[in-house]
Structure formats: structure tokens, C-alpha cells
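Hi,

Here is the structure I promised to pass on. Have a look at it first, and then read my notes underneath.

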There are 2 protein chains.
Amino acid sequence: MAVGPDIWPEMHIIDGVRIGVAQGGIKRAGRDDVTLFEICEGARVAGVFTQNAFCAEPVKIAKQHLAKQNVRYLLINSGNANACTGKLGNAAAMKTCNALAGLTQVDASSVIPFSTGVIGELLPADKIINVLPQAIESLDADNWTRAGRSIMTTDTRPKGASCEVNLGDKVVKITGISKGAGMINPNMATMLAYIATDADVDQALLNKLAKRAANLSFNRITIDGDTSTNDACMVIATGKAGNATLVDEASPEAETFAFALIDVYQQLAQQIVRDGEGATKFISVHVRGGATHQECVDVAYAIAHSPLIKTAMFASDPNWGRIICAIGYAGVPNLDVDGVKVWLDETLIVEDGGRAASYTEEQGQAVVSKAEFAINVDLGRGDFEDVIWTSDLSHEYIRINAEYRS
Amino acid sequence: MAVGPDIWPEMHIIDGVRIGVAQGGIKRAGRDDVTLFEICEGARVAGVFTQNAFCAEPVKIAKQHLAKQNVRYLLINSGNANACTGKLGNAAAMKTCNALAGLTQVDASSVIPFSTGVIGELLPADKIINVLPQAIESLDADNWTRAGRSIMTTDTRPKGASCEVNLGDKVVKITGISKGAGMINPNMATMLAYIATDADVDQALLNKLAKRAANLSFNRITIDGDTSTNDACMVIATGKAGNATLVDEASPEAETFAFALIDVYQQLAQQIVRDGEGATKFISVHVRGGATHQECVDVAYAIAHSPLIKTAMFASDPNWGRIICAIGYAGVPNLDVDGVKVWLDETLIVEDGGRAASYTEEQGQAVVSKAEFAINVDLGRGDFEDVIWTSDLSHEYIRINAEYRS
């Protein structure tokens, strides 16, 4: 069950990146679960990681290895998160890095490990190491689609986005995959994303863009309000397109590139919401008119986190009472409720502290019966705004999370 | 569906309070939905109200009338919340106050109105007014049980608590009822409670105790994280017991009384959690060892609000990974995860950043298979602690909230 058509885009090959995939037997037998990104020398890599205090062992290692800025391989396993596994978990993750480094003749710190799956069980390092030769053998620049499936856990479909963009007289490509279904929240919940471009981007700028794009995408989605221990979003810039190195964020080329990159990030993030556990609706919550940016975010999350609203949306019930209730408890200081307006798409449902005079239940029903719609709020007290994306709360969510051990 | 046995306590009569009940036809036909508390002259009344910015019209009136400290009647209807109904809703609520005032020869400001039920529909004032004579005729000191049912909405059973306590050579009584099932959160979510005592309590002390007791009970429960527009918790002290007026909060008599009052409040609050929409478990979340009180509260709510944890508890799955995940994202600054310990009841499940060495899945399973248990957390960094009570998240919750228009 996922919202919207399952359209797989043309995934442009990124010169300088090859991808290998293998079956380690960590997930069910016969499923790809080990994924390997091989990155050319001289490429630049940046990333953002989970803010959870209990970050998983591979995340600790990933941060250390990334800091050395000599990344040649990303080694990803699905089926086991290697989280809350302590020193043994750390050693297991390092063992896989060392094994790959030995096979490919690089330093172990050039390998960044990622894990996603069950928390609290030790990583079966040998299962990964056993299939590294197969993963290496399968390295291919055109393996994005298979990789998109290999990193899945409770996802019902792979997530990919790709585009081309003109930078001066060069065409650069951006391609990415992501995974994640439940436990999706800001600060990089059980979510992995790998984006690569052949653009030449200065390291400092890439670091900035990695944060900015993640903030406008993966940190703007929520399914159930939980944040996980393992999340990471990596971006690789190989420089193979031969464009003039992007250095200044304010330059027209860098702006063009940034918009394209953010678009890819947002597509990948929104696909995660569309595939939210048990999701039947894709809902944009857009709050404007805030006196501060934070109060827009607070109101948007109050709406997006409310189980009562999410359940009403599942039932295609335009329950505006629950929406204004959430706005009311979002903690906006001295909110004048008479100045608040709420729309479902373009249908005004709330004004002057209550139901809009022009509103009819049929209008609201028509909007929330759709698979995709927006809850638009105007707080009427300033110029700030923000948007987040979320899903509804269904029987299926309960079924999945009562049965699956994450 | 509710957690624990449905035991209705002996409800002590409170001298100075009579209760009337009638069927106004606001809920389904044949159901009591209008409830009237008649309070003797000279009684003192205090209360706390919802913090929601969109508070309902009766709440606005209730605050104004309470401030005049001449309360003689509480007029409660279930089935319609009269929330987000603007000036018309305000006029409708005042119309019921005026009608009752006319029938009983008191000032309209001596009547405090309360409403609970559907949001956004105008209060059918005439339905209430039509049955006021019946409600008055039924006034009886021994009507607590019927009133407990009359104020219900999605509740599956009434909630009551009652006790006697010795103050010097006098015995004073405390009796209360509450209602609320979903939308339960701190700051008085769709929850009503009426507690009465025959103790003689000074107004200033009663105001203090009303806040303190609500804070330690109704503000320490959560079912789905939503807070509503209508909630109120009122306490009436008639003074008929003839004890020496309680004035000083630090006096032994006042302390004895306060503990008894808080106990009644907590029983009423916990019964709301036990009757949480779709609840199959009653869970105490106890966080100690915090460097501040706030971080204990933050961690407790992160756990109690996590749909992933609540769903796991519904499935009787001792999913400690989800618990530490919630602790990790609760926002405790510089949390040393190696110092955190977690127990299910007395079973240690997490230490040193991961699963406790002594822990077996069978032990955890045995605890969470029970209908009532505790999640105990020690943050290991200070002396503060807090406890909140919550329920699990079940299929039934989705069913109720997808079907019921609140």
C-alpha cells in the first residue's frame, strides 16, 4: 500500500560511481541486502546523520570516516541496524570495513558503513563479508534500480529520483535513491538516502548543500513522529562533468545546481511519505502567516503528528475541529484564534474562530477523499511560512508495527 | 474495551451538593446527557481549564463566572462541545445559563456551563432548556453514579472515586467523577472532572490545591497526544463537615487533605487512561535520574507519545529498541547513553547503551503481556523524576477515531 502511482524514473548514470549488490542472507533468503557504492578518486562526499542520542554503531564510524574526506566506498546492509549493540557492534561494523578495504586495496577509513533494520541485534558481519566479492563483481554504473530495492526494509517499493541540469555549457546529472517507511520524522529517522552527481562541487559548498537540502526535504517529513538511530543522507559529487568547480553558493550556477539537488532530495523524501507504513493519503501541511518561522513549524507538526487528524484523514473525514484543536495546542504564544484561517486545498474551512460560513461538508469531503491534498493554514500574524509532508494513520500502520520488530 | 476490572466504588454523598440528570436528546435518544450540580450557598469552587488557544465558548463563560466566586450551579451537557462556534455558540451557552438562573432564582453568573462532544456544531440550547425542569426535579445528593454515566461521550464506562479522611475530630468526604477517553493529553484534554468535598477549605488554598492536584493527575496522562478545546476540572468544597477551615497548605490537616484529594484526582485520571480509546494496556512511564525535572517529563512523553512503542505494547512485544530510540530523540542535552538504564517493571532491559546482558526476551515478554505494567527509566544524571500514565495504540483506536466525529 502506497500513495500515488509507482513510477520508476529514468535513473541517469553518474560518471564516477558504480554500484554493486549482493544477497548476504540478512533479510529473507533470495533478497538483495548488501549494497556497495564505489566512488572514484577525487570525488567529494558529504552527509548528515541522525540526531538521536542513541546513534547506531555504523553511524559513529561513518562520521569518523567521513571526516577524513577520503571516501571510496559506501557499504550498506539492510535487515539489521546494528544499533544499541555496543562495542561488539562497533567491532562487527569495522570488520566489514576492513574486509572490503582488504579486497579493494584502500584504507579502512575510506569505507563508510550503513545499516538499517532490526535494532539491538548484533550485525552478522560474516554474512556481509562472505558476499563482498559478489558485490564487487557486480559493480556497474547502471545499478541504481537494483540498489533502490536492495536497501529496502518495510518499504513496499523503491524510491528513486534523477535529473539533468545545465551548468554553463555542461550538462550535469543528479541521481539518488532512498529508503524508509515508518519511524519517519525530522532529524533523519530510519531513513537512508544516497544521492550522486557528476558535478564538480567544492567540499565546503557540498557540506553546506547537504545540510540545506536535507533540511528542506528529509527534515520536513513525518509519518509517526519517531526518529531512529541509523539515519543518514549522503551526497557524492564526482566532478566528472567537467564544469567549473562550484564554490560560491550565491553564484547563478551554484543556485541552479542547488535547486536541482533540493528537488531530487524532496522527491526522495516525499516518496518515503507516500510509502509511509499503512499510508493511504499524502498530505502537505502548509503553514504561513507566522510571526516566527518556528511557530509555523510547531503548528505544522502539531497537525502532522496528531493521531486524531491522521485517523480522520484515513477515514476521508474533513474533521476541521480536530485541525483547529491541534493549532490551538501547538503552543503559539498569544494566538488570536479569530485571525486563523484554514483551507483544505483551496476550500476555506475555518475563519473567525470557527467553521467558515461559506463552507459545506461536501466541499471538504471532496478534498480529503483524494489521495493527495493540502492542509493550508494562515496564522494571520506575520510573514513566515513552512511546509511539511505527512501521511494518514490507518489500520495497516498498526498491523505492520504490531507485527514487525524494528 | 478498557483495561482492568470495572469496579464502581462506594460514592460518598457530599453534604451541600445535589445532582440532577435529564435526557435532552443531544446524545442518542434514551441517554442521559444533561447534568446539573446544585451547590449550597457559601461553598467554595475552584477549577482549571484547557490551555488550548481555541477554547470552547462554555470555557470562556466558565472562567468569567468562576471569577465572580458565587457559584451555585454547574450545568453540563454531553454530545455537543459548543467549540469553535463563535458568538452564536457563546449566546447559546449563555441562554442555558439564563434559563437555569431564571428557574432557580439565582444570578446567571452563578451558573457555570460545560460542554463535551462534537466540535463545531452549535449547541442546541433549547434541548437543554427543555429538560432543565426535569433535571431540577431529579436533584439528589445520591446521584453521583447516574451523573458519572450522563457526562460520558466515547467512554465505555463511568469513572468515579471517593474516600473519607480524618481531619482532627472530623471525618470529611471527597467524591468525584470524570469523563474522557481519546484526545487525552496534559493541559486538560477533552476531559471533564467534578470533585466535591464537604471539607471547609479557604478559597485561596482551594485554588492552589485545584492546580496542584490537576497537575499531578490529569496533566500526567496521555492517550494520543491531542489536547482538546473544552476541558475542565472543578472542585467544590461545601464546608459542611464543620472542620476548622483549612488555610495553611503546610498544616498537617491541609497536607492530609491534599494527599486524599490528589489520590481521588489520580484515580479519576488513571481511569481515563484505562478507558483510553482502544486501550488494552495501562502503562506507567516513570523516569528518574534526570538532571532537571523537565528532561524527565520530556523523556516520559517521548516514550508515551511514540506510536511505535504504543503499537509494540499493543502487540505485547517488549521492543526495547523502540524505547531507547524514543529516549534518544527526547532532546536531553548531552545524554550519555551508556548511563541510561531501562526496566520493564523490575526487569532490567537496557544498560551500557544496549540490551542488558542479563535480559532475556521471555522476561520482557512476561511483563508486557500483562494488562498493566511500568516502563522505568533511569537517566543516571541527577535526582529529578516524574511519572506519567498512558495506554497502548490498537486497531480499535483507529476504528473509533475513523468513525466518530469528535
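**Notes on the model**

In helix H9 of chain B, the residues Pro307(B), Leu308(B), Ile309(B), Lys310(B), Thr311(B), Ala312(B) and Met313(B) are buried, where buried means under 20% relative accessible area, exposed over 50% and partly exposed in between, with a 1.4 Å probe and protein chains only. H9(B) spans residues 307–314, and seven of its eight residues are buried, so the helix is mostly covered. Just past the end of H9(B), Ser316(B) has a positive phi of about 55°. Helices (H or I, at least four residues) and strands (E, at least two) are DSSP runs, numbered from the N terminus.

Before you go further, please keep in mind that this is a predicted model, in which local features need pLDDT of at least 70 and side-chain atom pairs count only at pLDDT 80 or more, while totals for chains, interfaces and linings use all residues. Residues are numbered from 1 along each chain as its sequence is written, chains are lettered from A and ligands numbered from 1 in the order in which they are written, and side-chain values use heavy atoms, with hydrogens and water left out.

**How the two chains relate**

Chain B superposes on chain A after a rotation of 180° with 0.0 Å of shift along the axis, at an RMSD of 0.0 Å. That is how a two-fold axis relates its copies; the fit is by least squares on the C-alpha atoms of residues with pLDDT of at least 70 in both. In chain B, the C-alpha nearest the axis belongs to His395(B), 2.9 Å from it. Both copies use the same surface, as 100% of the contact residues of chain B recur in chain A; contact here means heavy atoms within 4.5 Å.

**The sheet in chain B**

Chain B has an open sheet of five strands in the order E3-E10-E8-E7-E6, with mixed pairing; two strands pair if DSSP finds at least two bridges between them. Its edge strands are E3(B) (44–49) and E6(B) (159–167), each pairing on one side only. From one strand to the next, the twist averages 10°. E3(B) pairs with E10(B) (residues 232–237) in the antiparallel sense over six bridges, and Phe49(B) stands opposite Ala232(B) there.

Two helices are worth a look here. Helix H1(B) (residues 57–67) lies across E3 and E10 of chain B and runs at about 145° to E3(B); axes are lines fitted to C-alpha atoms, for helices over the stretch in contact, and angles run from 0 to 180 degrees between N-to-C directions. Helix H7(B) (residues 252–274) packs on the sheet and touches E6, E7 (170–179), E8 (192–197) and E10 of chain B, with its direction at about 170° to that of E6(B).

**Annotated residues in chain A**

An unreviewed UniProt entry places the feature "binding site" at Thr153(A), Lys179(A), Thr190(A), Glu277(A), Asn401(A) and Ser406(A), and "active site" covers Thr190(A). Such annotations may be inferred rather than shown by experiment; feature names are shortened, and positions follow the numbering used here.

- Thr153(A) sits in the loop between helix H5 (144–150) and strand E6 (159–167) of chain A, and is buried at 18% relative accessibility.
- Lys179(A) lies in strand E7 (residues 170–179) of chain A and is buried at 1%. Not counting residues up to four places away in sequence, the residues that Lys179(A) touches include Thr153(A) and Thr190(A). A polar contact of 2.7 Å joins its side chain to that of Thr116(A); the term means a pair of N or O atoms within 3.5 Å, and within protein one must be able to donate a hydrogen and the other to accept it, with residues adjacent in sequence counting only if both atoms are side-chain atoms.
- Thr190(A) is in the loop between E7 and strand E8 (192–197) of chain A, and is buried with a relative accessible area of 13%.

Six of the six residues of E8(A) are buried, so the rest of the structure largely encloses this strand. E8(A) pairs with E7(A) in the antiparallel sense over six bridges, and with E10(A) (residues 232–237) in the parallel sense, also over six bridges.

**One more spot in chain B**

His293(B) lies in helix H8 (residues 293–305) of chain B and is partly exposed, at 34%. The side chains of His293(B) and Asp386(B) make a polar contact (3.1 Å).

Best wishes
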